[in-house]
Amino acid sequence: MDEMKMEREMKEMLHRCAEGLEAPDTLKTRIDFALKNGGQTRKVRRPFAKRLAAVALVAAVAVTGAVAGSGVKGWYSSTWLDQNWKDFSQTAAYVQEHVPGAKYVESFSNGYTFDKGYEDTVAKRDESGNTLGSFTGILLDYEKDGAQVTLDASPVQEEGQYTSPYDTVRTVGETEVHYRAMKGITLPPDGSIQPTAEEQAAFERGEINIAYGSSAREEYTFYSVSWIENDISYSIYTMEPCGLTEDDFFQMAREIIES
C-alpha cells in the first residue's frame, strides 16, 4: 500500500472510529487486533498479540474466556505514537515502571535489532463501554532489512485467554511456548461486507480472526509466538514473516526466556 493511500485510509478510519469516544484530539493509537466504530457491538477474538501494522484512533478487542462475574467484555488499547523511544537504554526505565521483571533483548541472533519502543495502555470495559480497570505493557519493535517484528510484554490478566487448541506447543526450559499462524480477514465497519457463514463459524471456534476497520475486504496471516512467565504475558508477532519459520519464532522466544 503506497503512503498516500495509507494516509487516506488512516483518515477515513479516524473519522469512522472517533464518534462517541473520549480521547484528546492529539491521541493517535495503534490498531490492536481489530477495530470498531462508536456503538458497534461486533466482537473480535483476541489472540496473543495486540496491534497490527495500521494506525487508527481506537482499537477494540473482545476478551474471550472471561472470568465469570468480572464484567469485562472488551480490551481497548491505546498507544501514543509520538511518545516512543528510540534509545534502547531507555527501555529499562519503561519496563521498571510498567512491567517490572519483564525480559527483553536489544537484538536477536537472526539479525532483528531494536528500533523503537512504546507504552501500551489497555482499558477493560463492560458491554456498555464503562471502564472497569486498565493495565499497561510495553511494545518493542525490531527491524531487519525493512521487515519488522514486535515484542509485547504485559501483566497477565485473569479474564484474558492466552491459549488456543490451534497452537503448536513446545517447552523451552520449564516454559510452555505457543506458536500460531492465524488466518484472518478485515472488513468495513459499516457492515457493507459480511463474513461468510463458514468464516463466522470458524471465528466462533477461534480458528480464524475477523476484524473490522478496513475500507474493503482484506485477508492476512498473523504469525505469533507466545508464553507466560512469572505472571507476565509475552508475544512476538508480525504479519510479514519475511522468511521467518516456525523454528525461528521459537528460537526468538528462547532468547527472551533465557535472557
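Author: A residue is called buried under 20% relative accessible area, exposed over 50%, and partly exposed in between, with a 1.4 Å probe and protein chains only. This is a predicted model, where local features need pLDDT of at least 70 and side-chain atom pairs pLDDT 80 or more, while totals for chains, interfaces and linings use all residues. Residues are numbered from 1 along each chain as its sequence is written, and side-chain values use heavy atoms, with hydrogens and water left out.

Reader: OK, what makes Arg-217 partly exposed?

Author: Its relative accessibility is 32%, and partly exposed is the range between 20% and 50%, so the label fits.

Reader: And how do you know that Arg-217 and Glu-199 form a salt bridge?

Author: The rule wants a side-chain nitrogen of Lys or Arg within 4 Å of a carboxyl oxygen of Asp or Glu. Here N to O is 2.5 Å, so the pair qualifies. Arg-217 sits in the loop between strands S10 and S11, and Glu-199 in helix H3, so the contact ties together parts that are 18 residues apart in sequence. Helices (H or I, at least four residues) and strands (E, at least two) are DSSP runs, numbered from the N terminus.

Reader: Why is Glu-199 called buried?

Author: Glu-199 has a relative accessible area of 15%, and buried means under 20%, so that settles it.

Reader: What makes Lys-116 and Asp-141 a salt bridge?

Author: Their closest N and O atoms are 3.8 Å apart, which is within the 4 Å limit, so the pair counts. Lys-116 belongs to S5 and Asp-141 to S6, so parts 25 residues apart in sequence get tied together. Both ends are buried: Lys-116 at 15% and Asp-141 at 0%.

Reader: How do you know that S5 and S6 pair?

Author: DSSP has to find at least two bridges between two strands, and S5 and S6 have twelve, running antiparallel. One opposite pair is Phe-114 and Tyr-142. S6 is also joined to S7 by seven bridges, again antiparallel, with Thr-150 in S7 as the bridge partner of Asp-141.

Reader: What about Arg-254 and Glu-258, what makes that a salt bridge?

Author: At 3.1 Å between the closest N and O atoms, they are within 4 Å, so yes by the rule. Arg-254 is partly exposed at 30%, whereas Glu-258 is exposed at 54%. Elsewhere, salt bridges with shared partners link Lys-86, Asp-115, Lys-116 and Asp-141 into one network.

Reader: How many salt bridges does the rule give?

Author: The count comes to ten.
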